[in-house]
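User: I have just opened this structure and would like help reading it. Could you explain the terms as we go?

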Amino acid sequence: MSVIVTQPFMVFFDRAGEPLEAGYIYIGLPGQNPESNPITVYWDSSLTTTAAQPIRSLAGYPSRNGSPSNIIASQSPYSIVIKDKTGALVYSDLNFTSPAYA
């Protein structure tokens with residue numbers, strides 16, 4: 001089973017409520033800081049194309065080669081930290097659970 005990495009919103013937002021531009025997305029082990037305890041995440045549901053962390057954002061979406069994309073994790077729950085382009089914390093959840101992804 002794989003899970004799509006999401007947050008409680010459809011897009012990632014900055015602290016001002018705008019779509020997160022050039023932000024940083026970290027995904028890690030549940031209950032731990034994802035910056036120091038990352039897990040392998042992927043760009044595809046087949047779990048074959050790994051996504052290097054931190055993942056950058058574009059107009060509120062994870063960006064792969066300049067295009068919006070999904071992030072796929074092989075486990076849930078996971079920890080997630082989102083920072084804006086200056087490195088300021090926007091969102092953190094050390095035990096986030098994503099819905100199953102087929």
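Analyst: Gladly! Buried means under 20% relative accessible area, exposed means over 50%, and partly exposed lies in between, with a 1.4 Å probe and protein chains only. This is a predicted model, where local features need pLDDT of at least 70 and side-chain atom pairs pLDDT 80 or more, while totals for chains, interfaces and linings use all residues. Residues are numbered from 1 along each chain as its sequence is written, and side-chain values use heavy atoms, without hydrogens and water.

User: What makes E9 mostly covered?

Analyst: Strands are DSSP runs of at least two residues, numbered from the N terminus. In E9, six of six residues are buried, so each of them falls under 20% relative accessible area.

User: Which way do the residues of E9 point?

Analyst: Tyr 78, Ile 80 and Ile 82 point one way, and Ser 79, Val 81 and Lys 83 the other. In a regular strand the side chains alternate between the two faces of the sheet.

User: Why are E9 and E10 said to pair?

Analyst: Two strands pair if DSSP finds at least two bridges between them. E9 and E10 have five, in the antiparallel sense, so they qualify. One bridge links Ile 80 to Asp 93 in E10. E2 and E9 also run antiparallel, joined by five bridges.

User: What makes a nonpolar core, and which element gives the most to the largest one?

Analyst: A nonpolar core is a set of buried Ala, Val, Leu, Ile, Met, Phe, Trp, Tyr and Cys residues joined through side-chain atoms within 4.5 Å. The largest has 16 residues, including Tyr 78 and Ile 80. E9 gives the most, with three residues.

Note on methods. Helices (H or I, at least four residues) and strands (E, at least two) are DSSP runs, numbered from the N terminus.
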